[in-house]
Every structure is written in structure tokens, then in C-alpha cells.
Amino acid sequence: MKNTIAALALSPLFIISCKKNENSSTEIIKNDSVHANTFMVDSVKVSDSLKLSDSLKVKYSATMLVFPDIKNNALLDSIYFEEKNIRDFSKNGIQDWLEKDKNEYFNSIKKNSKDWISDMNFSQEWYSDKAMKLKSKLNDYVHIQYIWGSYEGGAHDNYGFSERVFDVKNGKKLQLKDITSMSTSKIESMLLKNINKINSGTTDNTGAVNNSEMLLVDVIPATENFYFDEKNLYFHYSPYEIAAFAAGDITIPISWTELKGTISPEFEKRMGITY
């Protein structure tokens with residue numbers, strides 16, 4: 001299935017009544033780091049699986065970035081916005097939080113499945129995946145992509161994306177108003193006009209299907225789920241957000257030229273935008 005996030009095979013560590021696999025892992029990735037501007041970025045990965053019965057196996061996988069050189073707690077809170085309870089942003093603190101999150105996930109599935117698991121008559125693998133990816137570092141702007149995927153029964157799995165850009169120089173998450181003063185309605189008009197510029201990859205028996213053919217909305221919202229490069233501002237939409245699930249995730253570009261005259265002078269200078 002297009003864009004499906006694959007679950008990783010792992011093993012249980014803590015529920016004694018369940019069968020164990022031998023491949024559980026908690027990994028602090030020391031060598032898979034990049035030097036982003038003036039700070040180091042590492043990552044921690046926790047992987048595990050739990051066999052609840054002959055019919056149900058549950059997998060958990062999570063990878064989170066670690067920023068040992070960033071001391072600004074407000075910026076770190078924003079970077080880990082999806083995980084409100086993290087207070088220790090060190091490598092060991094992130095690892096401990098992921099272990100706790102894994103255990104809570106497994107315990108929740110185990111508790112909720114008691115009333116119906118004996119009625120399952122075919123084998124299933126459920127999973128929860130999440131990851132942070134450093135996508136780019138550009139002029140002291142750092143783009144992080146947050147990905148999640150899950151399956152807990154039903155017709156198909158679900159997945160989604162969040163895009164965030166952080167202004168490391170000023171210690172904050174970048175907002176759309178920091179880039180352009182263009183009105184929301186005008187941006188939304190451009191999004192609709194540019195909907196087919198990057199095809200989602202969806203096809204049918206006649207070939208490629210345009211994104212516009214799968215829209216579920218009349219207005220494409222100008223959300224804070226954006227990022228950029230030297231040429232364009234991009235808005236990223238998860239499945240079901242603006243289009244049918246078959247469309248997958250959709251990315252719509254708006255060029256700097258289209259935004260000319262509305263771009264913040266500070267941002268324009270820092271990015272070296274020319275027309």
C-alpha cells in the first residue's frame with residue numbers, strides 16, 4: 001500500500017504471561033548523527049513485539065531524535081510537541097520515555113483485548129510506529145518530519161505526517177506568518193491552483209490519477225504543516241485530510257515567485273531568495 005509505514009519485528013520484555021521472542025531491542029544510535037549548524041543530532045530507537053495469542057501479535061517501534069547541544073527548554077518542548085510528558089531531554093531521558101511509552105501501549109492492548117481476543121479466528125499483526133526524521137538544515141532553519149503509522153484491526157492501516165521547521169537562531173518554531181503576510185484566503189486559492197503540481201503517485205487502470213480528482217474538500221486549508229527549500233514553500237497533507245485515502249499523502253508547492261511582495265524581508269534575506 002502506498003506510503004504505508006512498515007512495522008518492525010520486535011519482542012516483549014515485561015508481560016510475564018505472554019510468550020516471548022528473542023529479538024527485542026533498545027538502541028542508542030551514536031554514529032548515525034549529523035552536525036546541523038552548530039548542534040549535534042543523535043537518535044534513540046526502541047523496538048519490541050508482544051504475542052498475545054496464536055491469533056494476535058502486536059509490534060511497537062519508535063525512533064526519536066536527540067539534541068544534546070540544545071539547552072533551550074522552550075524550543076525542546078516545541079520539538080517534542082507530540083509527547084507532552086517528556087521532561088528529561090537527554091539521550092537517556094528520551095530512551096526511558098520510549099520504554100515507558102512502549103509498555104503503556106502493550107499494556108493497553110492486553111487490557112482491552114481480554115473480552116474479544118478468544119473470538120479472533122484468523123491471524124493478525126497490529127502495530128504502532130512513530131519516528132522523527134531530520135529532513136534538512138538550511139540557514140539555521142531545521143526541518144523535522146514526524147511520522148506515525150498504526151494498525152489495530154479494520155480494512156487498512158492508518159498513517160500521517162507532521163512537518164515542523166525550527167528557527168534555531170531565534171529558538172522557536174517557525175510559523176507561516178514569519179514567512180509571508182499573504183492572506184489565508186489567497187494562499188488557499190494558490191493551493192487549489194497548484195494541487196496537481198506534485199502527483200501523489202496514485203494510479204488506476206487508465207494510468208495516473210490527478211490529486212484534484214480525489215479531493216474531499218472545496219477549500220484546501222493553509223495549515224501550519226509546512227516546510228520549504230530554496231525554491232518553494234510546501235504544504236503536506238496526510239491521508240483523509242483533504243482527499244480520499246487512496247490518494248495517500250499530498251504535497252502542494254507554492255513558489256517564492258508566487259509569494260513575491262509578501263515574503264518577510266528578514267526571511268527573504270536569510271534564505272537568499274531571488275526572483
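User: What share of the contacts in the chain with a separation of 6 or more comes from residues 24 or more positions apart?

Analyst: Those residues account for 60% of these contacts, where contact means heavy atoms within 4.5 Å. This is a predicted model, in which local features need pLDDT of at least 70 and side-chain atom pairs count only at pLDDT 80 or more, while totals for chains, interfaces and linings use all residues. Residues are numbered from 1 along each chain as its sequence is written, and side-chain values use heavy atoms, with hydrogens and water left out.

User: How many helices and strands does the chain have?

Analyst: There are 4 helices and 12 strands. Helices are DSSP runs of H or I with at least four residues, strands are runs of E with at least two, and both are numbered from the N terminus.

User: Why is Leu-56 called buried?

Analyst: Leu-56 has 1% relative accessibility, and buried means under 20% relative accessible area (exposed is over 50%, partly exposed in between, with a 1.4 Å probe and protein chains only), so Leu-56 counts as buried. Leu-56 lies in strand β3, where 10 of the 11 residues are buried. Across the chain, buried residues make up 49% of the 275 residues.

User: Which residues does Leu-56 touch, apart from those up to four places away in sequence?

Analyst: Leu-56 touches Leu-50, Lys-51, Trp-116, Ile-117, Met-120, Gln-124 and Trp-126. As for Asn-121, its C-alpha atom is 9.9 Å from that of Leu-56, and the two residues are 65 residues apart along the chain.

User: How do you know that β3 and β4 are paired?

Analyst: Two strands pair if DSSP finds at least two bridges between them. For β3 and β4 there are 8 bridges, and the strands run parallel, so the rule of at least two is met. One of the residues involved is Lys-59, whose bridge partner in β4 is Tyr-127.

User: What makes the contact of Glu-125 with Lys-59 a salt bridge?

Analyst: A salt bridge is a side-chain nitrogen of Lys or Arg within 4 Å of a carboxyl oxygen of Asp or Glu. Here the N to O distance is 3.0 Å, so the pair passes that cut-off. Glu-125 sits in strand β4 and Lys-59 in strand β3, 66 residues apart. Lys-59 is buried because its relative accessible area is 9%, whereas Glu-125, at 44%, counts as partly exposed. Here is the general idea: side chains of opposite charge can pair when their charged atoms come close.

User: How many salt bridges does the structure hold?

Analyst: The structure holds 10 salt bridges. Among them is the one between Asp-42 and Lys-91, with the closest N and O atoms 3.4 Å apart. This pair links strand β2, home of Asp-42, to helix α2, home of Lys-91, across 49 residues. Asp-42 counts as buried because its relative accessibility is 8%, while Lys-91 is partly exposed at 24%. Lys-130 and Glu-83 also meet in a salt bridge, at 3.5 Å from N to O. Lys-130 is in strand β4 and Glu-83 in the loop between α1 and α2, 47 residues apart. Glu-83, with 14% relative accessibility, counts as buried. Asp-48, Glu-99 and Lys-102 are linked in a network of salt bridges.

User: Why does buried Arg-164 have no salt bridge?

Analyst: Look at the distance to a partner. Lys and Arg count as positive and Asp and Glu as negative, with His and the chain ends not counted. The nearest side chain of opposite charge to Arg-164 is Glu-82, 7.8 Å away, so the salt-bridge cut-off is not met. Arg-164 is found in strand β6 (residues 158-167).

User: What lies 3.1 Å from a polar atom of the Arg-164 side chain?

Analyst: That is the backbone oxygen of Ser-78. Arg-164 also touches other residues, including Phe-81, His-143, Ile-144 and Phe-226.

User: Which residues touch the most other members of the largest nonpolar core?

Analyst: They are Phe-67, Ile-79, Tyr-80, Leu-98, Met-132 and Ile-144, out of 37 residues. Strand β3 gives the most to this core, with 7 residues. A nonpolar core is a set of buried Ala, Val, Leu, Ile, Met, Phe, Trp, Tyr and Cys residues joined through side-chain atoms within 4.5 Å. Apart from this core lies another, of 33 residues, among them Phe-226, Ile-242, Ile-254 and Phe-267.

Key: A polar contact is a pair of N or O atoms within 3.5 Å; within protein, one must be able to donate a hydrogen and the other to accept it, and residues adjacent in sequence count only if both atoms are side-chain atoms.
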